[in-house]
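Q: Could you take me through one spot where two helices meet, slowly and in plain words? I'd like to follow it on the screen as you go.

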Amino acid sequence: MASLTAPVALRAPGRFVAWVALAPALLLIAHLMPVTGFGLALRLAAAAACVLLVPGALVLRAVGWSAPPATAVAGAFAVSLAAVALGLALVFILGTSVVLAELVLLIVALAALMPAARREAAVRISRTDSRALAAVVGLSVVYAGVVWWAARPARSDGLFHLARVRKLAEFDSLAALTTVDEFKDGGLHPGYVFPLWHGMDAIVSRLAGVDPTEVLLHLPAILVPLAVVLAYAAGSEVFRSPFGGVAFVLAQIAYFGFLRSDGGAAATGRFETLPQPQSATLMLLATAVIALAFAFAVEGGLLTWLCLAAASFALSATHISYTPMLVLLLAGFLVARAILIRGWEPLLTRTAAALGAIIGPFAVLLALLLPVISGTSGFTPASTQLSHDASRYGDLVSHFGHWIAMNPGAIARAGTLVVAGLLVVPFALLASTRLWAALVVGGTLALVGTLVIPPAFTAAADLLSLSQARRLPQFLPIPFAVVGGCALLARLRVVGALVAGGLGTAFLLLFPGTFKYLYSAGGPGWVVWVAVGGGVIVLVAGAFVRTAGPDFGPWTVGTTAAFLVPLVVAGFMALGKQGPAVLPPGIVAAVRDDVSPGDVVFSDPETAYALAAYAPVYINDSETGHVADTVENRLRARKRDTRRFLRSRDLSTSARRAILARWQADWLLIDKDRPAPEDFLAGLSPVYEDQRFALYDLHS
């Protein structure tokens, strides 16, 4: 038994440099292979490692930062994204292409290479920890194969993100942040002002030598191991055990991969959209922040704090509205921990400092972006606007005069794991001195309180927009609660595992969840009140009753797996290959061959929205809900003119030409299945035409 827990010292700086050099070496080899199958996977994996891990790993080794391997990956990930941000900032300042950002990453890596090669960093890691990490990496490779096989072309929000990645990857000059927007004369999107994650996708696309479409299609599978290692880091730091880390990986995969069953994503869920900012923020950046925050809270260290600040910057730059939600979670932990231990401790002081590292970069970015954010219709809207926005989501919110609050049923509507996690909250009293208990109780009360207290949720909707505030439930510490509950059951060993399996089956049958965009009443709202009431009881009783709870061991992993098996089996039973791309290849090839990058293509909103994803062009209009409602974008004027041009029968040719000129149109793309001005088209000759589409050059 001693051999399993004996610490191993990882030294040999030459070995570290060799491992780091493996990524660029494999990238060179991959370029000699076909851009399909294994060759494509190797290109994307090596390119992603060169962008997301290598620069940060070299910098952190050069400055002598030592951390457990999984936590070190979180730090390297954060620092690498900081380097990407520096490169992109120079790109937009100097008006060059994204090649400059690639050069910045190269310079950072080379500058740190020699100091890193000379540095001997000793990290003490137990054999249990190394074997646990190896096990989750192996699991991640298997699951990555599932995600690769089930990959589906971009659709819905994916087209929006693909359009931005394509412009970053293909434009020779990026003179302003608005260059990557959908409209040539439009304004910035308040949620994606600085395209950090889109820029990462673009750099990977260029380094791998593949089209951005392939990046959004297959990079999700490549990022699965990174997501799993970061989850292991977060679980290990919060539960203070490698077994807790493994169990958390299982819960995290189930929560993000198997919980969602909409859109045919039964067994891949959010993993299939990892290259998109929203999923990346939830599954990569927020997880890295939690891992680094708890690593600093427990161990301290200036370099860990700086890595945490870098991770927070990356999170805020990628999806700024998510940072306050994560702050709520960690602030809830801080307050709950202070109550449960009946005092203050150095860990809480460091937790407060960790919150400062998270809030600081967010505050700086918010100050810079506030002029853009304040120009949207969703920012501090009038009560009539707020009511109109709320109507888009069905019964998601309840109205209390001028205030609104989220329906408890909507919070718990995702079913199975969410219901289980909320029901575990009262049982945290059985482990009140554990870090996970304070995180589950404090984080749940902070987030649920914001959701169900009308003044609080109204304020959140005012400041973040209702579209963003409704995402607060995504930050509930559900996977942590599930693992904590399974750890309590694991005391019973075989009986506990059997009970967990039975509960998993029962929850799946009783609470399958609803995942429709428009929520209709019917979710198990009562579990939310159980969580709130139970959480309050834990804080009151926990201040007088101190319970350490069970240690984490192999039975914790087994019990967690037993609870999740029914959900995983149900997910795999519904797994299937997905449909074709939104636009057929013929019209895409014609636009890419004939239309110059940066030209404006005039079309109906649906076609235009999809086209911008597959060709580096600007468009006249876009689908409602997929573009920012800002003053500069003039959405209502665009939609009015598009509708008049395509549908009006009594509009003169000169009036139609005036509309085209107003939106600086260079090309006209007609979908024959939709209304079109036949009289106007009679005077034009198509550059390309098939059974469904016709493309016209307006300058010929």
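A: Look at where H11 and H22 cross: the crossing is right-handed. Keep in mind that this is a predicted model. H11 covers residues 242-258 and H22 covers residues 478-489, and the two pack at an angle of about 130° with their axes 9 Å apart. That angle makes H11 oblique to H22, because oblique takes in angles between 115 and 145 degrees.

So who's touching whom? On the H11 side you'll find Gly244, Ala247, Phe248, Ala251, Gln252 and Tyr255, and they meet Ile478, Pro479, Phe480 and Val483 of H22. Sort the residues of this contact by class and you get 8 nonpolar, 2 polar and no charged ones.

Now step back along the chain from H22, into the loop between helix H21 (466-469) and H22, where phenylalanine 475 sits. Phenylalanine 475 forms an aromatic pair with tyrosine 322, and the pair is edge-to-face, with 5.3 Å centre to centre and 75° between the planes. Tyrosine 322 belongs to helix H14 (residues 322-340), so this pair ties together parts that are 153 residues apart in sequence. Both tyrosine 322 and phenylalanine 475 are buried.

For another ring pair, try phenylalanine 507 and phenylalanine 511: their ring centres are 5.9 Å apart and their planes sit at 35°, so this pair is tilted. Phenylalanine 507 is buried, with a relative accessible area of 14%, and phenylalanine 511 counts as buried at 14% too.

These pairs are among the 17 aromatic pairs in the structure. Ring pairs also link Tyr143, Phe258, Phe271 and Phe572 into a cluster.

Terms used: Residues numbered from 1 in each chain as written. Predicted model: local features only at pLDDT ≥ 70, side-chain atom pairs only at ≥ 80, totals over all residues. Heavy atoms only, no water. Axes fitted to C-alpha atoms, helices over the stretch in contact; angles between N-to-C directions. Helix = DSSP H or I, 4+ residues; strand = E, 2+ residues; numbered from the N terminus. Parallel < 35°, antiparallel > 145°, perpendicular 65-115°, else oblique. Left-handed = near helix turned anticlockwise from the far one by under 90°. Contact = heavy atoms within 4.5 Å. Nonpolar A, V, L, I, M, F, W, Y, C, P; charged D, E, K, R; others polar. Phe/Tyr/Trp six-rings, centres within 6.5 Å; stacked < 30°, edge-to-face > 60°. Buried < 20%, exposed > 50% of the residue type's maximum accessible area, 1.4 Å probe, protein only.
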